Amino acid sequence: MADIYDGAFRTILSDCRKLVIPVINEIFGETYTGEEEIRFSPNEHFLDQQDAADQKRITDTNFTVFGKVPKKYHIECESSLPDGKITIRLFEYDAQIALDEGEVTEETLTVTFPNTAVLYLRTYKKTPNKMKYVIITPGGTLRYDIPVMKIQMYSLNDIFEKGLLMLIPFYIFSHEKNFSEYNSNGERLAELKAEYRNILERLDGLEQQGVIGSFDKRTIIELSGDVIKEIARKYENVQKGIGDMMRGPLIETSARKILNQGIKQGMDQGISQNQRETALRMLKRGKQTIEEIAEDTGLSVAEVEQLAGMQTV
């Protein structure tokens with residue numbers, strides 16, 4: 001189950017990376033404008049084990065934002081009950097990230113730890129407001145906090161007003177405790193559907209204003225559908241009522257417009273590379289046919305088929 005949520009989290013950051021900037025601003029109190037370059041690093045790390053084979057660890061995100069001063073960030077998405085182990089995993093990831101990019105000059109090792117945070121999809125009584133590292137060394141003790149973002153603490157208005165659009169696929173967690181009631185009560189289910197209809201309308205409005213592109217909107221909606229399908233798998237009425245809405249005519253209409261605006265604006269700037277990159281992301285996600293990807297990106301079917309062949313090599 002967690003793999004579905006982790007996968008959705010990684011996908012929205014990989015495919016719609018600019019959406020992470022408002023979240024970084026919210027968590028760390030930064031003032032990024034959204035125009036900064038974001039450069040992702042490999043999320044696979046091998047932890048050295050003295051008496052065993054190296055263990056591979058996969059972080060949810062590991063990237064650098066190039067503002068006035070480049071800063072590295074590491075964010076983990078967590079849906080399980082806090083048990084103390086997440087803090088250990090975080091430190092393992094952070095230490096390996098720092099070591100992977102460490103520098104040795106005249107036998108002096110310099111490592112830079114990332115700015116780390118945790119996004120909790122579910123909130124329990126034991127869910128902390130922050131975590132803390134206390135590192136005791138011969139040269140002194142270092143202490144610093146690891147901020148926590150509790151997604152369920154953000155209302156729909158908060159999400160849209162603060163631009164936290166990458167949280168939308170996980171907004172359904174705020175309703176999880178009421179699934180049984182929604183499933184058996186048509187009126188309550190209608191209220192939930194109205195809320196998601198409002199989400200779709202507001203996303204449409206942001207697209208029309210040019211705040212987000214068609215591809216970003218499509219990704220948010222598709223991932224929302226994936227998360228709803230997983231979290232409500234035991235509640236057929238909820239899954240069908242909201243899931244069908246996320247795959248309905250409104251989405252199909254917008255799907256035919258994916259990236260059209262960006263393609264039109266970028267024609268004079270060599271948009272072909274962006275088209276290829278977008279097509280590769282779509283192929284990787286496996287949600288559309290070759291013909292649909294060609295139509296949505298403006299590439300020919302032959303070009304998309306060539307890209308698909310490259311992926312299988």
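**Exercise 1. The end of helix 6**

Which residue just after helix 6 takes a positive phi, and of about how many degrees? Then describe helix 6 from its N-terminal end onward.

*Solution.*
- Step 1. The structure is a predicted model. In it, Gly210 follows helix 6 directly and has a positive phi of about 85°.
- Step 2. At the N-terminal end, the cap of helix 6 is Asn185. A side-chain oxygen of Asn185 lies 3.0 Å from the backbone nitrogen of Glu187.
- Step 3. Helix 6 has 24 residues, and from its first C-alpha to its last it reaches 34 Å. That is close to the 34 Å expected at 1.5 Å a residue.
- Step 4. The buried residues of helix 6 include Leu189, Leu192, Tyr196, Ile199, Leu200 and Leu203. Asp204 and Glu207 in helix 6 are buried too.

**Exercise 2. Confidence and overall make-up**

State how confident the predictor is in this protein, and find the stretches where pLDDT stays under 50.

*Solution.*
- Step 1. Mean pLDDT for the protein is 82, with 83% of residues at 70 or more.
- Step 2. One stretch with pLDDT under 50 covers residues 249–256. The model gives residues 249–256 13 contacts beyond four places in sequence.
- Step 3. Residues 266–271 also stay under 50. For residues 266–271 the model has three contacts beyond four places in sequence.
- Step 4. As for the overall make-up, there are 13 helices and 10 strands. The protein has 313 residues, of which 43% count as buried.
- Step 5. Take the contacts with a separation of 6 or more: residues 24 or more positions apart account for 60% of them.

**Exercise 3. The nonpolar cores**

Identify the residues that touch the most other members of the largest nonpolar core, and the helix that gives the most to it.

*Solution.*
- Step 1. The largest nonpolar core contains 58 residues. Leu119, Met166, Phe170 and Tyr196 touch the most other members.
- Step 2. The helix that gives the most to this core is helix 6 (residues 186–209), with seven residues.
- Step 3. Take Met166 and set aside residues up to four places away in sequence. Met166 then touches Phe9, Ile12, Leu13, Leu19, Val20, Val23 and Leu119.
- Step 4. There is also a second, separate core of nine residues, with Ala279, Met282, Ala294 and Leu299 among them.

**Exercise 4. Three salt bridges**

For the pairs Arg89 and Glu78, Arg218 and Glu222, and Arg233 and Glu230, give the N to O distance and say whether each partner is buried or partly exposed.

*Solution.*
- Step 1. Side chains of opposite charge can pair when their charged atoms come close. The structure holds 14 salt bridges.
- Step 2. Arg89 and Glu78 are joined by a salt bridge at 3.2 Å, N to O. The pair links distant parts of the chain, 11 residues apart: Arg89 belongs to helix 3 (residues 85–100) and Glu78 to strand 5 (residues 70–78).
- Step 3. The relative accessible area of Arg89 is 27%, so Arg89 is partly exposed. Glu78 has 11%, so Glu78 is buried.
- Step 4. In the salt bridge between Arg218 and Glu222, the closest N and O atoms are 2.6 Å apart. Both residues lie in helix 7 (residues 214–231), four residues apart, about one turn of the helix.
- Step 5. Arg218 is buried at 10% relative accessible area, and Glu222 is buried at 14%.
- Step 6. For Arg233 and Glu230, the closest N and O atoms are 3.5 Å apart. Arg233 is partly exposed at 43%, whereas Glu230 is buried at 17%.
- Step 7. Elsewhere, Lys130, Lys132 and Asp145 are joined into one network by salt bridges that share partners.

**Exercise 5. The setting of Glu36**

Where is Glu36 found, is Glu36 buried or exposed, and which residues is Glu36 in contact with beyond four places in sequence?

*Solution.*
- Step 1. Glu36 sits in the loop between helix 2 (20–28) and strand 1 (37–40).
- Step 2. Buried means under 20% relative accessible area. Glu36 has 11%, so Glu36 is buried.
- Step 3. Outside its neighbours within four places in sequence, Glu36 is in contact with Lys18, Ile21, Val65, Phe66 and Gly67.
- Step 4. Phe66 is 30 residues from Glu36 along the chain, yet their C-alpha atoms are separated by 5.7 Å.
- Step 5. The Glu36 side chain also reaches the backbone nitrogen of Gly34, at 2.9 Å.

Terms used. Residues are numbered from 1 along each chain as its sequence is written. This is a predicted model: local features need pLDDT of at least 70, side-chain atom pairs count only at pLDDT 80 or more; totals for chains, interfaces and linings use all residues. Side-chain values use heavy atoms; hydrogens and water are left out. pLDDT is the predictor's confidence in each residue, from 0 to 100. Contact means heavy atoms within 4.5 Å. A nonpolar core is a set of buried Ala, Val, Leu, Ile, Met, Phe, Trp, Tyr and Cys residues joined through side-chain atoms within 4.5 Å. Buried means under 20% relative accessible area, exposed over 50%, partly exposed in between (1.4 Å probe, protein chains only). Helices (H or I, at least four residues) and strands (E, at least two) are DSSP runs, numbered from the N terminus. A salt bridge is a side-chain nitrogen of Lys or Arg within 4 Å of a carboxyl oxygen of Asp or Glu. The expected span of a helix is 1.5 Å times one less than its number of residues. A polar contact is a pair of N or O atoms within 3.5 Å; within protein, one must be able to donate a hydrogen and the other to accept it, and residues adjacent in sequence count only if both atoms are side-chain atoms.
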